[in-house]
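User: Please explain how the terms used for this structure are justified.

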Amino acid sequence: MAQKLIIPAVSVALRRGDRILLVKRGHAPSFGEYAFPGGRVEPGESEEQAAARELREETGLEVCNLTPLRQFTIETLRDGIAVAYRLQVFSGDDCGGEPLAATDAAEAGFFTLGQMKTMPVTASTLEVAAKLLADDN
């Protein structure tokens, strides 16, 4: 039996007050769902570099003080082949500016937890957002 392909990926949970930055995915995996900005780690790139790059590419925003937060394994099909994304979620400080949807993000914005609960949000995104927003309460 062939071993499943493991793809390193990252995302950034960027907080602004009582809101978290989400993008609506324009491509698989999670097409049409809201999630943290992120994507695959490119060869020669650290996870931190990939997280900052993906955030910048998808939203035009910069991040300060990236901190590893949580790791998930997301199993899916890619081109008909079973793969597993090893997703490292980072938290980071908002450096200001307004998000603009770019690359594979169809939309980008800051949302409250209440708003997220009414949106098509990935389960891992909702779990992490709830924890981040509850930590200060």
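User: Which residues, beyond its neighbours within four places in sequence, is threonine 112 in contact with?

Analyst: Once those neighbours are set aside, threonine 112 is in contact with Asp18 and Arg19. Contact here means that heavy atoms lie within 4.5 Å. The model is a predicted one: local features need pLDDT of at least 70, side-chain atom pairs count only at pLDDT 80 or more, and totals for chains, interfaces and linings use all residues. Residues are numbered from 1 along each chain as its sequence is written, and side-chain values use heavy atoms, with hydrogens and water left out.

User: Why is threonine 112 called buried?

Analyst: Threonine 112 has a relative accessibility of 17%. Buried means under 20% relative accessible area, exposed means over 50%, and partly exposed covers what is in between (1.4 Å probe, protein chains only). Threonine 112 therefore counts as buried. This residue is found in the loop between strand E7 (105–111) and helix H2 (113–116). Helices (H or I, at least four residues) and strands (E, at least two) are DSSP runs, numbered from the N terminus.

User: What makes E1 and E6 a pair of strands?

Analyst: Two strands pair if DSSP finds at least two bridges between them. Strand E1 (residues 5–16) and strand E6 (residues 81–94) run parallel and are joined by eleven bridges, so the condition is met. In E6, valine 83 is the bridge partner of leucine 5.

User: How do you know that E1 also pairs with E2?

Analyst: E1 and strand E2 (residues 19–25) run antiparallel and share two bridges; the requirement is at least two, so they pair. One of the bridge partners is isoleucine 20 in E2, matched with arginine 15. E1 and E2 form a hairpin with two residues between them, and glycine 17 in the turn has a positive phi of about 60°.

User: What makes a set of residues a nonpolar core, and which members of the largest one touch the most other members?

Analyst: A nonpolar core is a set of buried Ala, Val, Leu, Ile, Met, Phe, Trp, Tyr and Cys residues joined through side-chain atoms within 4.5 Å. The largest has 20 residues, of which Ile20, Leu22, Phe36, Val89, Met116 and Val128 touch the most other members. E1, E2, E6 and helix H3 (123–134) are the elements that give two or more residues to this core. A second, separate core of 13 residues includes Leu14, Leu21, Ala50 and Phe90.

User: Why is the link between arginine 70 and glutamate 127 called a salt bridge?

Analyst: A salt bridge requires a side-chain nitrogen of Lys or Arg within 4 Å of a carboxyl oxygen of Asp or Glu. The closest N and O atoms of arginine 70 and glutamate 127 are 2.2 Å apart, and the two form a salt bridge. Arginine 70 lies in strand E5 (residues 63–78) and glutamate 127 in helix H3, so the pair ties together parts that are 57 residues apart in sequence. Arginine 70 is partly exposed at 36%, and glutamate 127 is partly exposed at 40%.

User: Are glutamate 54 and arginine 53 buried or exposed?

Analyst: Glutamate 54 has a relative accessible area of 9% and is therefore buried; arginine 53, at 13%, is buried too. Their closest N and O atoms are 3.0 Å apart, and they form a salt bridge. Glu45, Arg53, Glu54 and Glu57 are linked in a network of salt bridges.
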